[in-house]
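Got your viewer open? Let's take a short walk through some charged side chains, one stop at a time.

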Amino acid sequence: MEWEQIKEELPLGEWKALTVGKQFGGLGIGNLKIQSKALRMKWLWRLSNEDQLLWGNNIKAKYGQEDKWMTKEVTTPYRFSPWRSIRSMWSELRDDSKIKVFDGNKTRFWKDNWHGVGILDVAFLEVFNLALH
């Protein structure tokens with residue numbers, strides 16, 4: 001059976017009935033796009049905040065590290081890569097997160113937005129240039 005035939009036979013109108021809450025007679029299946037995004041964000045959060053994870057160390061070893069928070073982008077030629085899908089959400093997570101400095105081990109003074117105003121090398125370019133020399 002070809003995809004076009006399968007697609008025509010799928011009762012897509014019934015899917016809305018499945019997502020209706022149980023109290024209203026549906027199955028209560030949530031929005032899968034939102035659930036998928038939440039799960040991928042959780043994996044990113046764990047990778048960037050928990051240093052002693054076996055799977056995290058394997059991911060970092062395979063793709064390399066961009067900085068102390070995240071791996072480099074996935075550049076494999078394959079169309080499907082689970083980590084590529086997860087890693088693609090890093091900028092959204094980073095932009096919506098705040099950094100707590102703690103001992104300063106993972107925080108880059110000039111490059112991380114650790115104080116909430118913005119990245120210091122952009123906000124204070126002249127001072128940054130002086131610090132480099």
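Start by selecting Arg-46 and Glu-50: their side chains meet in a salt bridge, with N and O 3.3 Å apart. Keep in mind as you look around that this model is predicted. Now switch on the surface. Arg-46 is partly exposed, at 25% relative accessible area, and Glu-50 is partly exposed too, at 35%.

Why would two side chains like these pair up at all? Opposite charges can pair when the charged atoms come close.

Next, select Glu-66 and Arg-87. Here's another salt bridge, and its closest N and O atoms are 2.8 Å apart. This pair ties together distant parts of the chain: Glu-66 sits in the loop between helix 4 (54–63) and helix 5 (82–87), while Arg-87 belongs to helix 5, 21 residues away. Which partner is buried, and which is partly exposed? Arg-87 is the buried one, because its relative accessible area is 7% and buried means under 20%. Glu-66, at 41%, is partly exposed.

For the last stop, pick Glu-92 and Lys-37. They form a salt bridge as well, with 2.7 Å between the closest N and O atoms. Trace the chain from one to the other: Glu-92 is in helix 6 (residues 90–95) and Lys-37 is in helix 3 (residues 32–49), so the pair links distant parts of the chain, 55 residues apart. Bring the surface back and you'll find Glu-92 partly exposed at 32%, with Lys-37 partly exposed at 33%.

How many salt bridges does a search of the whole structure find? Three.

Key
Residues are numbered from 1 along each chain as its sequence is written. This is a predicted model: local features need pLDDT of at least 70, side-chain atom pairs count only at pLDDT 80 or more; totals for chains, interfaces and linings use all residues. Side-chain values use heavy atoms; hydrogens and water are left out. A salt bridge is a side-chain nitrogen of Lys or Arg within 4 Å of a carboxyl oxygen of Asp or Glu. Helices (H or I, at least four residues) and strands (E, at least two) are DSSP runs, numbered from the N terminus. Buried means under 20% relative accessible area, exposed over 50%, partly exposed in between (1.4 Å probe, protein chains only).
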